[in-house]
Amino acid sequence: VVHVGLLGCGVVGSAVARAIERGTTDQRGPNGTSPPPRFEVTQVAVRDPAKRRDCSIPRHRFVTDPVKVAGDPGIDVVVEVMGGVEPAFDAITVALGSGKPVVTANKELLGTWGSELAEHSARGGVPLLYEAAVAGTVPIVRLLSDHLASDRIERIEGVLNGTSNFVLEQMELGLDADEALQRARDLGYAEADASRDLDGTDAADKLAILARIAFGEPVSTDDVHTLGIRSLSAPDLRDAVERGTRWRLLATAGRGGCLRVEPVPLPADHPLAALRGPESGVLVTAERAGTLLLRGAGAGGDPTAVSVMADLAVVLRCS
Ligand code: NAP
Ligand code: HSE
């Protein structure tokens, strides 16, 4: 049994706990060989241990100190799904420092401190994995870091925030912005501070993470020229549809060029204009591979937990 310290048990954390309860990673060993060992969530750090959770982890495993969980010798791997910079940074540093692989979905932290944490991970030879931090279930981190490792990536263009895509679509359908955002919150798509979704900061975090992998430059969220969707009104959106375009919060990065997140009216037949609800999509152009498109659920607990579980499977293979 691999003992997991789960930091956070909200939308994503409880979906990870349910996936572990279902034994998702037991289903396929490499080439159909014997199943890998099971994961067990041994400790869970939350703010309020008394709150009801959407999973069946026994109450006595809930504690309030994530840094202590990360350093506990009884924990083999840490899954950080709390969000925010502190105490997540401390917890991840403690885990890596004590030789525990870390899986995180925290783009706010990685957008700002990703280079430092990657160095820490490389220095100690301890994996830090974060597929879930960008575009929910879409395996874009794996595409850039593994599949295209031998190629020269030239350009990334994507819709990286599911909430803003959902809000824009709901507004096209006639809802006002506040109602649309409330729906996104109720469905578990929005950040705890939803201004990160609407002002483009969440997409900027994700673009910085992707650009760092694709171009090998130590960029951070501060390097992204960022404009959100708040200035768009429902009539703007409906007019655009009538003119055969759709507003999308587009994130773009080119090798050696600037990084931008801004609303752009895309032709209706553009692949990123076709994204529905909380979907994310990314077009990656590389020298030899050409242009690849990935698209899928960009937000939501269960789809994001699929990416966390994929990283946990990598941890198993590496150990
Ligand atoms: P959430 O529902 O707000 O859950 C956050 C969890 O972390 C809660 O269980 C909370 O405890 C716990 N927590 C927060 N601060 C803590 C602290 N200082 N000490 C101990 N526990 C703390 O958030 P979420 O939507 O699951 O998102 C979690 C992370 O995944 C964020 O980094 C987010 O950006 C990222 N992410 C989210 C999605 C999505 O679709 N929601 C998709 C991809 C990535 P309480 O429950 O007791 O308050
Ligand atoms: N709030 C984020 C979004 C969650 O809507 O894209 C997924 O990262």
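## Ligand sites and the parallel sheet

Of the 13 residues around ligand 2, those that come nearest are Lys-107, Thr-163, Tyr-189, Glu-191 and Asp-197. The model described here is a predicted one. Two of these nearest residues place side-chain atoms against oxygen atoms of the ligand: an N or O atom in the side chain of Lys-107 is 2.5 Å from an oxygen atom of ligand 2, and a polar side-chain atom of Thr-163 lies 2.6 Å from an oxygen atom of ligand 2. Tyr-189 contributes through its backbone, with an N or O atom 2.7 Å from a nitrogen atom of ligand 2. On its own, ligand 2 has 250 Å² of accessible area, and the protein covers 93% of it.

Ligand 1 is surrounded by 25 residues, the closest being Asp-48, Arg-53, Lys-107, Glu-191 and Gly-300. Lys-107 and Glu-191 thus appear in the lists for both ligands. The polar contacts of ligand 1 include the following.

| Residue | Part of the residue | Atom of ligand 1 | Distance |
|---|---|---|---|
| Cys-9 | backbone N or O atom | oxygen | 2.9 Å |
| Arg-47 | backbone N or O atom | oxygen | 3.0 Å |
| Lys-51 | side-chain N or O atom | oxygen | 3.0 Å |

The protein covers 87% of the 900 Å² of accessible area that ligand 1 has on its own.

Aromatic pairing also involves a residue of the ligand 2 site. A search of the whole structure finds two aromatic pairs. In one of them, Phe-166 and Tyr-189 meet edge-to-face, at 5.4 Å centre to centre and with 70° between the planes. Phe-166 belongs to helix 6 (residues 162-172), whereas Tyr-189 sits in the loop between helix 7 (177-186) and helix 8 (195-198), so the pair ties together parts that are 23 residues apart in sequence. Tyr-189 is also among the residues that come nearest to ligand 2.

The strands form an open sheet of six, in the order 3-2-1-4-5-6 and with parallel pairing. Strand 3 (62-63) and strand 6 (128-129) occupy the edges; each has a single partner strand, so one side of each is left without a neighbour in the sheet. Strand 1 (residues 2-7) pairs with strand 2 (residues 39-45) in the parallel sense over six bridges. Within these two strands, Val-4 stands opposite Val-41 of strand 2. Helix 1 (residues 11-22) lies across both strand 1 and strand 2, and runs at about 160° to strand 1.

Definitions and conventions:
Residues numbered from 1 in each chain as written. Chains lettered and ligands numbered in written order. Predicted model: local features only at pLDDT ≥ 70, side-chain atom pairs only at ≥ 80, totals over all residues. Heavy atoms only, no water. Pairing = 2+ DSSP bridges. Helix = DSSP H or I, 4+ residues; strand = E, 2+ residues; numbered from the N terminus. Contact = heavy atoms within 4.5 Å. Axes fitted to C-alpha atoms, helices over the stretch in contact; angles between N-to-C directions. Near = heavy atom within 4 Å. Polar contact = N/O pair within 3.5 Å; in protein donor to acceptor, adjacent residues only side chain to side chain. Areas by Shrake-Rupley, 256 points an atom, 1.4 Å probe, with all protein chains shown as cover. Phe/Tyr/Trp six-rings, centres within 6.5 Å; stacked < 30°, edge-to-face > 60°.
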